[in-house]
Amino acid sequence: VQWRSITPDYFKTFRIPLMRGRTFNQSDVGNSARVIVINEAMAKKYWKKDDPLGQTIVLAKGLGPDFEEGPRQVIGIVATARENGLGNEDSEVMYVPASQVQEGLTKLANSMIPTSWEVRTKGDPGAMKMAVEHEMRAIDPMIPISGVRPMEEVISRSLARQNFNMLLLTIFAGIAVLLGAIGIYGLMSYSVEQRTQEIGIRMALGGTKPAIVRMVVSEGLRLAAIGIAIGLACAYGATRVLASMLFGVKANDLATFGSVAGVLAVVALIASLVPARRAAEVEPAQALRR
């Protein structure tokens, strides 16, 4: 289980919604009742059947007098946020007011884990770099400052692997659509060539060009519909694999499945339309002579 030492406005700043209970306020200070907030992942793992609100948690038990403290009461449950990167799985996290953290525990954490700060600005983050470093050194000139970069870059680095994987999948999907269109076009062209006599007889007996076009296109779309149905079934079965690469979108999103099926149907229609128009131009007498 991970723990965070935070200020009262932490959840509001990072837009982590409160699910039950309450979050910290200005009255949660060092001499007040010790409190703690947990996320949903921790509540589901350790309180599967019970209500965690009102329960107590003891931190740093057995680590010595500089770290031990009394029990803390769970006062709230917040949504699970992926604070260690969007690509990582949900982890159990408990939040403690910074004003109630033992000094020994703070020193231990700072000696093992580099301290990081997030500064929200209304303007260009790059223009605030010098100002932020100036304020930090005003507190302690010996503080080493490194790795200053905008949040967009932090997010971009954390998603670099997922973006690369999705780029490859997009390229492969585009190639698959292109091969599918070429395959449908080739199959329908071959079918029209093999049925030249049949098409000529149909037209000699009164068949019209629009009727011939509809016949050829309907056959192409029928084959495409079978392929799309099979593809959607396979794609739905692969949603568990794709779920780890998607953020903010469900792997089994019906709108996405419907739009992809529509795009493939349009591709199949275009690929079938060219051979269909060629079939409609067949001269009945020439087809019968063949």
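Analyst: Start with burial. Buried means under 20% relative accessible area, exposed over 50%, partly exposed in between (1.4 Å probe, protein chains only). This is a predicted model: local features need pLDDT of at least 70, side-chain atom pairs count only at pLDDT 80 or more, and totals for chains, interfaces and linings use all residues. Residues are numbered from 1 along each chain as its sequence is written, and side-chain values use heavy atoms, without hydrogens and water.

User: Is strand E3 buried or exposed?

Analyst: Strands are DSSP runs of E, at least two residues; helices are H or I runs, at least four, and both are numbered from the N terminus. E3 spans residues 35-39, and five of its five residues are buried. Val 35, Val 37 and Asn 39 point one way. Ile 36 and Ile 38 point the other way.

User: Which strands pair with E3?

Analyst: Pairing takes at least two DSSP bridges between two strands. E5 (residues 72-78) runs parallel to E3, over five bridges. There, Ile 36 bridges to Val 74. E6 (residues 93-97) pairs with E3 in the antiparallel sense, over two bridges. Val 37 has Tyr 95 of E6 as its bridge partner.

User: How do H8 and H10 cross?

Analyst: Fit axes to C-alpha atoms over the stretch in contact; angles run from 0 to 180 degrees between N-to-C directions. The axes of H8 (residues 209-237) and H10 (residues 254-280) come within 8 Å and cross at roughly 150 degrees. Angles over 145 degrees count as roughly antiparallel, so H8 and H10 are roughly antiparallel to each other.

User: Which residue classes form the contact of H8 with H10?

Analyst: Its residues divide into 21 nonpolar (Ala, Val, Leu, Ile, Met, Phe, Trp, Tyr, Cys, Pro), two charged (Asp, Glu, Lys, Arg) and two polar (the others, Gly among them).

Methods. Angles under 35 degrees count as roughly parallel, over 145 as roughly antiparallel, 65 to 115 as roughly perpendicular and the rest as oblique.
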